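Hi,

Here is the structure I promised to send over. Have a look at it first, and then read my notes underneath.

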Amino acid sequence: MTSKPALRTFDAMPSVSSATLAEARIRIPFNRPAIVGRELHYISKALLAGHSSGDGPFTARCQALLERDLGAQKVLLTTSCTAALEMAALLLDIESGDEVIVPAFTFVSTANAFALRGATIRFADIRPDTLNMDETRVAELITSRTRAIVPVHYAGVGCEMSALCEISRKYGIPVVEDNAHGLFGRYRNRPLGTFGALGTQSFHETKNFTCGEGGALVINDRALVDRAEILREKGTNRTRFFRGEVDKYTWVDVGSSYIPSDILAAFLYAQLEARDFLQARRRTLWKQYEARLSAWAERNDVALPVVPDHCESSYHLFHLVLPTPDARQRLMTHLRRGGILAVFHYVPLHLSPMGRRYGGQPGACPVTEGVSDRLVRLPLFAELTDEEQETVIDAIEMCPL
Ligand SMILES: Cc1ncc(COP(=O)(O)O)c(C=O)c1O
């Protein structure tokens with residue numbers, strides 16, 4: 001583990017921070033991707049080593065670090081979390097007629113990766129406290145065609161994995177954890193992403209650790225490792241060839257191009273090396289929001305994030321659930337006028353045009369529907385200064401709800 005790296009702020013890198021005109025009046029953005037200091041050094045090392053394609057030395061370093069920290073059988077870097085989810089669908093041989101259970105409150109990729117293989121998507125509602133897939137609503141969605149359960153550790157707080165793993169065992173249905181938010185979060189002291197047969201990570205610009213666009217597939221079932229390497233290498237056994245296990249490589253299965261450039265892995269490695277520092281800073285900011293906003297929240301009937309005692313968050317998001325959609329709009333507008341960008345998500349997936357094709361109906365997932373138009377996310381990123389956070393908190397407290 002590394003000590004605190006030299007922090008370079010975005011202000012020192014004008015070409016990276018050039019905002020769109022619309023954002024120019026924003027003084028405190030929703031997110032500013034961290035630059036921890038060694039990214040450019042490692043990128044130049046990757047370039048000088050002459051290995052800019054995938055599976056170079058930095059990819060190996062990132063994978064080894066994640067395998068060690070998570071205690072996973074195998075970690076493979078991918079071009080995105082979406083790509084890792086697509087690999088999961090291929091690995092589980094999802095096909096037309098199969099059903100996959102996802103939460104209604106999530107990003108499209110959680111469902112789309114399986115829809116792409118022809119699966120029918122079944123939407124589970126979420127719990128009102130953690131906003132995670134409601135484990136008590138999963139069994140009723142299971143049919144003889146269910147082939148996967150895909151919980152999302154929303155905001156980096158673990159789903160009720162004891163119950164979900166029990167359902168998985170009872171019905172013989174694999175779990176794929178969409179852990180886009182939750183790297184280094186823990187449930188009952190075990191790392192998120194290591195409960196299911198497979199877990200997927202995101203290194204998109206908005207995540208705690210980033211390389212712009214990137215992801216990883218965490219493989220916890222040893223039986224899936226060899227085929228995962230093939231699917232990721234365009235359906236070839238090139239990974240075995242590079243290890244000297246076969247004397248030529250050839251087309252052996254379906255697959256696609258899921259391997260990121262080693263230049264991106266170099267960027268990511270700098271970030272992962274700084275994981276203690278980045279996570280500690282996010283934790284401090286998150287705890288500060290919680291401590292400073294709790295009385296205000298109580299007075300105004302606003303729900304703060306809930307982290308059960310047996311969960312250690314990855315501190316990916318700090319969100320508020322306002323009492324009404326109008327109150328949320330007032331708060332977002334008030335903050336925007338003060339130069340602060342707070343944003344919402346997700347539009348309920350079962351009510352999207354695609355979701356409706358799978359039978360999604362208003363009223364089917366009432367918690368998701370009730371929360372999604374009242375939730376707002378506050379700026380939370382490692383380089384947010386104490387002063388900036390004070391500005392956000394003061395602005396919230398001044399807002400007439
Ligand atoms: C829950 C969830 N899953 C998957 C993704 C997709 O991640 P990526 O952009 O790395 O493909 C996101 C993106 O924000 C997400 O929030």
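Below is what I found, going from the whole chain to the ligand, one helix and one histidine.

First, the housekeeping. This is a predicted model, so to speak of local features I needed pLDDT of at least 70, and side-chain atom pairs count only at pLDDT 80 or more, while totals for chains, interfaces and linings use all residues. Residues are numbered from 1 along each chain as its sequence is written, and side-chain values use heavy atoms, with hydrogens and water left out.

The chain has 14 helices and 12 strands (DSSP runs numbered from the N terminus: H or I of at least four residues for helices, E of at least two for strands). Its C-alpha trace spans about 70 × 55 × 40 Å along the principal axes. Of the 401 residues, 56% count as buried; buried means under 20% relative accessible area and exposed over 50%, with partly exposed in between (1.4 Å probe, protein chains only).

Now the ligand. There are 15 residues around it, and the closest are Cys-81, Thr-82, Asp-178, Ser-202 and Lys-207 (a residue counts if one of its heavy atoms lies within 4 Å). Thr-82 has a polar side-chain atom 2.5 Å from a ligand oxygen. For Lys-207, a side-chain N or O atom is 2.7 Å from an oxygen atom of the ligand, and for Asp-178 the partner is a nitrogen atom of the ligand, at 2.7 Å. The protein covers 91% of the 400 Å² of accessible area that the ligand has on its own (Shrake-Rupley method, 1.4 Å probe; for residues, only the protein chains shown count as cover).

Next, helix H6, residues 161–171. Met-161, Leu-164, Cys-165, Ile-167 and Ser-168 are buried there. Seen down the axis, the buried residues fall within an arc of 155°, so they line one face of the helix (the arc is that of the directions from the helix axis to the C-beta atoms). They pack against strands E4 (146–149), E5 (176–178) and E6 (186–187), where contact means heavy atoms within 4.5 Å. Arg-169 and Lys-170, on the other side of H6, are exposed.

Last, where does His-316 sit? You'll find His-316 in the loop between strands E10 (311–312) and E11 (319–321). His-316 counts as buried because its relative accessibility is 7%. Leaving out residues up to four places away in sequence, the residues His-316 touches include His-181, Lys-207, Asn-208 and Arg-282.

Cheers

Terms used. A polar contact is a pair of N or O atoms within 3.5 Å; within protein, one must be able to donate a hydrogen and the other to accept it, and residues adjacent in sequence count only if both atoms are side-chain atoms.
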